[in-house]
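Welcome! Here is a short tour for anyone meeting this structure for the first time. Have a look at it, and then read on.

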Amino acid sequence: KEAEDSIALSKQEINQLEEYVNQRITESYKYSFIGALEIFLDTKNFEDVLRKTKYLISTREKDAQQLESYTVMLKDLEQEEEQLSSQRSELQATRLTMEEQQEDLLV
């Protein structure tokens, strides 16, 4: 039961992170066409160019970190689901064995 609750919570977190990642990918795609020349031509002074460039670099790094976090969470969730499935199979096999032994004792 605890494992199922943990998996459900992980799925909710992954869904939220997936929405965020999808939004950021869309935004990143829109701004991926902005190069240094466009930034330079769009601003009035060199300080703005540096600030915008630094912002774009920082944003791209954060996006990469979020995407990596999303990937790790998905892998962890898959492992948890596999473990839970394995535990259920083992529990079912143990239950069947116990039922057979109980029937043997009754006979």
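Serine 6 counts as partly exposed, because its relative accessibility is 32%. This serine sits in helix α1. Along the chain, serine 6 and glutamate 80 are 74 residues apart, yet a distance of 8.6 Å separates their C-alpha atoms. Keep in mind that this is a predicted model, so a word on confidence comes next.

**How confident is the prediction?**

The protein chain has a mean pLDDT of 82, and 88% of its residues reach 70 or more. Where in the protein chain is confidence lowest, and where is it highest? The low point is helix α2 (residues 36–42), with a mean of 66, while α3 has the highest value, at 86.

**The overall layout**

Now for the elements. The protein chain contains 3 helices and 0 strands, and read from the N terminus the order is α-α-α. Helix α1 covers residues 2–31 and helix α3 covers residues 46–106. With its 61 residues, α3 spans 89 Å between its first and last C-alpha, which is close to the 90 Å expected at 1.5 Å a residue.

Contacts give another view of the fold. Among contacts in the protein chain with a separation of 6 or more, 80% are between residues 24 or more positions apart. As for the surface, the protein chain has an accessible area of about 9200 Å², and carbon and sulfur atoms account for 53% of that. Of its 107 residues, 13% count as buried.

**Buried residues and the core**

Which residues make up the largest nonpolar core? There are 7 in all: Ile7, Ile14, Leu17, Val21, Tyr70, Leu77 and Leu84. Both α1 and α3 supply at least two residues of this core, and α1 gives the largest share, with 4 residues. One of the core members, leucine 84, is in contact with Ala3, Glu4 and Ile7 once neighbours within four places in sequence are left aside.

In α3, the buried residues are Val49, Leu56, Thr59, Asp63, Tyr70, Leu77 and Leu84. Let us pick out one of them. Is aspartate 63 buried or exposed? Aspartate 63 is buried, because its relative accessible area of 13% is under the 20% cut-off. This residue has its place in helix α3, and it touches Tyr20, Arg24 and Ser28, not counting residues up to four places away in sequence.

Serine 10 offers a similar story from helix α1. Its relative accessible area is 16%, so serine 10 is buried too. Leaving aside neighbours within four places in sequence, serine 10 is in contact with Leu77 and Glu80.

**Two salt bridges**

How many salt bridges does a search of the whole structure find? The search finds 2. In one, arginine 88 pairs with glutamate 4, and their closest N and O atoms are 2.0 Å apart. This pair links distant parts of the chain, since arginine 88 belongs to helix α3 and glutamate 4 to helix α1, 84 residues apart.

In the other salt bridge, the side chains of glutamate 81 and lysine 11 meet, with 3.2 Å from N to O. Why does this pair tie together separate parts of the sequence? Glutamate 81 lies in helix α3 and lysine 11 in helix α1, so the pair joins parts that are 70 residues apart in sequence.

The table shows how accessible each of these partners is.

| Residue | Relative accessibility | Class |
|---|---|---|
| Arginine 88 | 46% relative accessibility | partly exposed |
| Glutamate 4 | 34% relative accessibility | partly exposed |
| Glutamate 81 | 31% relative accessibility | partly exposed |
| Lysine 11 | 39% relative accessibility | partly exposed |

**Putting it together**

To trace the picture on the structure, begin with helices α1 and α3, which each supply at least two residues of the largest nonpolar core. Then find the pair arginine 88 and glutamate 4, with one partner in α3 and the other in α1. Next look for glutamate 81 in helix α3 and lysine 11 in helix α1. Finally, treat helix α2 with care, as confidence in the protein chain is lowest there.

Terms used
Residues are numbered from 1 along each chain as its sequence is written. Side-chain values use heavy atoms; hydrogens and water are left out. A salt bridge is a side-chain nitrogen of Lys or Arg within 4 Å of a carboxyl oxygen of Asp or Glu. Buried means under 20% relative accessible area, exposed over 50%, partly exposed in between (1.4 Å probe, protein chains only). Contact means heavy atoms within 4.5 Å. Accessible areas come from the Shrake-Rupley method with a 1.4 Å probe; for residues, only the protein chains shown count as cover. A nonpolar core is a set of buried Ala, Val, Leu, Ile, Met, Phe, Trp, Tyr and Cys residues joined through side-chain atoms within 4.5 Å. The expected span of a helix is 1.5 Å times one less than its number of residues. pLDDT is the predictor's confidence in each residue, from 0 to 100.
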